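Reader: Please take a close look at the charged side-chain pairs of this chain, and then place them against the interior packing. I should like the cut-offs stated as the terms arise.

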Amino acid sequence: TLMNLDTSNIENLINQGKFKESLVEINILELKKKEDFKLLNLKGLTYLKLNKFENSIDYFTRALLKKKNSFLTLFYRSAAFIEIGDYTKSLQDLMAAESINPQSHEISFNIGFVYSSLGKNDQAIEYYQRTLELNKDYIPAKENLIKKLN
C-alpha cells in the first residue's frame, strides 16, 4: 500500500531554519518508509542548509534514482556541487534542469556562474545575457555581466 506521507511539519521546520530538528523528524519517517522520494529530497535539502554538502549530494543522488527528471532535485544538487567546487558535475545537473525548464532564470544564472568559475567567459556572458532575457530585473546577472564585460 502506498502511504501518503505528511511532510508539512518537516517543511515548516526547514522554513524556520530548524534543520537539526527536521533531520530528527525525517529519520523517524524514514523508519516507516525507507527510500521515499520526498523524504530523500527533504534530507538532501536539510543537509544542504547545514553545509553538509557531501551528505546532501548523497541524498539528492538517491532521490534522482527514484525520479531522474526532478527539476528541483537537480537544481539543489547542482548547488551542492558548486559549494564543493565540482563545477563539471554542477554543470551536468544544471544542463539537465535547463532541459526540463528552459525558462528558469535561476538555472540560467547558475550556468553562467559555473562557466565563469571554469574560466569560460564567452559562455558565461551568453548565459548572463540569457538570464536577463528571462528576467530583466535580476540584479546578480546584471552585476556579473558588467564584471565579465569589463
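**Charged pairs and the interior**

Author: Asp-86 and Lys-89 are joined through their side chains in a salt bridge, with 4.0 Å from N to O; the term denotes a side-chain nitrogen of Lys or Arg within 4 Å of a carboxyl oxygen of Asp or Glu. This is a predicted model, in which local features need pLDDT of at least 70 and side-chain atom pairs count only at pLDDT 80 or more, while totals for chains, interfaces and linings use all residues. Residues are numbered from 1 along each chain as its sequence is written, and side-chain values use heavy atoms, with hydrogens and water left out.

Both partners of this pair count as partly exposed, because Asp-86 has a relative accessibility of 22% and Lys-89 one of 41%. On this scale, buried means under 20% relative accessible area, exposed means over 50%, and partly exposed lies in between (1.4 Å probe, protein chains only).

A search of the whole structure yields 10 salt bridges. Another of them links Lys-136 and Asp-137, at 3.6 Å from N to O. Here Lys-136 is exposed, its relative accessible area being 60%, whereas Asp-137, at 49%, is partly exposed. Elsewhere, shared partners connect Glu-35, Asp-58 and Arg-62 into one network of salt bridges. Within that network, the closest N and O atoms of Arg-62 and Asp-58 are 3.5 Å apart. These two residues are separated by about one helical turn, because they stand 4 residues apart in helix α4 (residues 53-66). Helices are DSSP runs (H or I, at least four residues), numbered from the N terminus. Arg-62 is partly exposed at 23% relative accessibility, and Asp-58 is partly exposed at 37%.

Asp-93 offers a contrasting setting for an acidic residue: at 4% relative accessibility it counts as buried. Asp-93 belongs to helix α6 (residues 87-100). Residues up to four places away in sequence aside, Asp-93 touches Leu-74, Arg-77, Ser-78 and Phe-81, where contact means heavy atoms within 4.5 Å.

The interior follows. The largest nonpolar core has 19 residues, and Ile-107, Ile-111 and Tyr-115 touch the most other members. Such a core is a set of buried Ala, Val, Leu, Ile, Met, Phe, Trp, Tyr and Cys residues joined through side-chain atoms within 4.5 Å. At least two of its residues come from each of α5 (71-83), α6, α7 (105-117), α8 (121-134) and α9 (139-149). Apart from this core lies another, of 14 residues, including Phe-19, Ile-26, Leu-42 and Ile-57. In soluble globular proteins, nonpolar side chains tend to be buried together.

Two aromatic residues illustrate the packing between segments. Beyond its neighbours within four places in sequence, Tyr-115 contacts Leu-91, Met-95, Lys-120, Gln-123, Ala-124 and Tyr-127. Phe-71, found in helix α5, is in contact with Ala-97, Ile-100, Asn-101, Ser-104 and Ile-107, again leaving aside neighbours within four places in sequence. The C-alpha atoms of Phe-71 and Ala-97 are separated by 5.2 Å, although these residues are 26 residues apart along the chain.

Confidence completes the picture. The mean pLDDT of the chain is 93, and 97% of the residues score at least 70; pLDDT is the predictor's confidence in each residue, from 0 to 100. Confidence is highest in α6, at a mean of 98, and lowest in helix α2 (residues 19-32), at 89.
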